[in-house]
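Thanks for sending this one over. Here are my notes in numbered form, starting with a salt bridge and ending with the chain overall.

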Amino acid sequence: MAAAGADGFRALDEASLVEYIKATPALRAQLGEQLEGLAIKEVGDGNLNFVYIVSGPAGSIVIKQAIPYLRYIGASWPLTKERAYFESLALKEHGSLCPNHVPQVYHFDRPMSLIAMRYLEPPHIILRKGLIAGIEYPLLAQHMSDYMARTLFFTSLLYHSTLEHRHAVAEFCGNTELCRLTEQVVFSDPYKVAQYNRWTSPHLDHDVEAVRDDDILKIEVAELKSMFCERAQALIHGDLHTSSVMVTNDSTQVIDPEFAFYGPMGFDIGAFLGNLILAFFSQDGHADKANDRMVYKQWILRTIEETWNLFHHKFVSLWNENFDGHGEAYLVDIYNKPELQLLVQKKYMTDLFHDALGFGAAKMIRRIVGVAHVEDFESISDETKRASCERRALDCAKTILKERRKFETISQVISVVQEISAP
């Protein structure tokens, strides 16, 4: 077993993980006391962490360990291990608010930056992989709108007192390094010459230059960055793309909230919707003679529309149910007329819609011209075909970002996506 550092941390491998489990009662309780012949498989395919599936006589668990650098790049990009602490906090908080869609945490070891949680058994797969394979998930919009409505509403000032809210904000203020990583890779690097930027070259060289030369785009992105840095609206997941969701036909589970902090609600909503739009634009690259993906593309668009509309309905319903509660954003003694309450809600939800569109578009842009791309496009082996899909997605993102305040409904956004995707 590797020696622990001064802070008690040691990076585990499959062999030392067995010894760790044997010494940890909470893990033995999940796996069974007969631990000889544990099956351990490393499955981390993300950018940051090591993830193990551990199977014992009584069941299986997932163990996730944060390491002190960006796994995707290596030791040249150091990163705090404390992200595991904020991930465990967010899993517990969001899990208490939405237990049907957040895996249970069994054990957290802060010095080891290690979380043990529920294993999402087959046929659960990463949503992004399901989208690439062309699988429809009939309950996805229902489940994701429920998750977002509950986690965002119940951690906002619509439900919190200002005292509760400031205390919660302070707890998550320490997740600074991952916030700074987001600031860099979403709001800065795509708009300048940066060391780790990459794109499908030479096909998109001109498009990348156009992003760097687009002054209007830069002004809009600056506004989004300010909101991301300054607005402690709710406890957001912070990285809610389609690889942070695991699915079956009747189950949807949100994982990996290590970027969690109190930020703008629209960042989570936009990340999810923006990644669905990326999945939509990638479909032409996965089409073949047996399946042109046209029916599937329409399902993705319906899912985008239903997710927002269901979220809007559920969020406002929670607000109405708690309007006379202890939330201090809109005190009932002041906002004491039904017509005033309706006006307040309409403005709030319109602003939130426009925020979500802006953040979603920024997330789309960074996945095409920044450091970390998406498998939706990367798995298209024909570079010309891939670049064509990416270019249309990029054009769509720029349009939505710059014109987001003109949209009144999600169906208007869908129309723009369809228009840009037309051959």
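1. Let me begin with one charged pair in this predicted model. The side chains of Glu36 and Lys22 form a salt bridge, with N and O 3.5 Å apart. Glu36 sits in the loop between helix H2 (25-31) and strand S1 (39-42), while Lys22 belongs to helix H1, so the bridge ties together parts that are 14 residues apart in sequence. As for solvent, Glu36 counts as exposed at 66% relative accessibility, and Lys22 is partly exposed with a relative accessible area of 31%.

2. A second pair joins two helices. Lys297 makes a salt bridge with Asp284, and their closest N and O atoms are 2.8 Å apart. Lys297 lies in helix H11 (residues 294-321) and Asp284 in helix H10 (residues 265-286), so this contact links parts 13 residues apart in sequence. Is Lys297 buried or exposed? With a relative accessible area of 6%, Lys297 is buried, because the cut-off for that label is under 20%. Its partner Asp284 is partly exposed, at 25%.

3. The next pair spans a longer stretch of sequence, as its numbering shows: Lys81 and Asp7 meet through their side chains in a salt bridge of 2.9 Å, N to O. Lys81 is in the loop between strand S5 (74-78) and helix H3 (83-97), and Asp7 is in the segment before helix H1 (14-22), so the pair ties together parts that are 74 residues apart in sequence. Lys81 counts as buried at 17% relative accessibility, whereas Asp7 is partly exposed at 46%.

4. How many salt bridges does a search of the whole structure find? The search gives 23. Some charged residues are linked in a network: Glu220, Glu223, Arg404 and Arg405 are connected by salt bridges. As general background, side chains of opposite charge can pair when their charged atoms come close.

5. On charge overall, the chain carries 42 positive and 56 negative charges, and the mean positions of the two sets are 2 Å apart. You may like to keep that value beside the list of pairs above.

6. Now a look at Ile40, which is found in strand S1. Ile40 counts as buried, at 17% relative accessibility. Leaving aside residues up to four places away in sequence, Ile40 touches Glu14, Leu17, Val18, Tyr52, Ile53 and Val54. The C-alpha atoms of Ile40 and Gly56 are separated by 9.1 Å, and these two residues are 16 apart along the chain.

7. Stepping back to the fold, the chain has 15 helices and 12 strands. What radius of gyration does the chain have? The value is 22 Å, which agrees with the figure near 22 Å for a compact globule of 423 residues. Along its principal axes, the C-alpha trace spans about 60 × 60 × 40 Å.

8. Finally, burial and contacts. Buried residues make up 55% of the 423 residues. Of the contacts with a separation of 6 or more, 74% come from residues 24 or more positions apart. The chain exposes about 17900 Å², and carbon and sulfur atoms supply 52% of that area.

How values were computed. Residues are numbered from 1 along each chain as its sequence is written. This is a predicted model: local features need pLDDT of at least 70, side-chain atom pairs count only at pLDDT 80 or more; totals for chains, interfaces and linings use all residues. Side-chain values use heavy atoms; hydrogens and water are left out. Helices (H or I, at least four residues) and strands (E, at least two) are DSSP runs, numbered from the N terminus. The radius of gyration is taken over C-alpha atoms; the globule rule is 2.2 Å times the number of residues to the power 0.38. Buried means under 20% relative accessible area, exposed over 50%, partly exposed in between (1.4 Å probe, protein chains only). Contact means heavy atoms within 4.5 Å. Accessible areas come from the Shrake-Rupley method with a 1.4 Å probe; for residues, only the protein chains shown count as cover. Lys and Arg count as positive and Asp and Glu as negative; His and the chain ends are not counted. The place of a charge is taken as NZ of Lys, CZ of Arg, CG of Asp or CD of Glu. A salt bridge is a side-chain nitrogen of Lys or Arg within 4 Å of a carboxyl oxygen of Asp or Glu.
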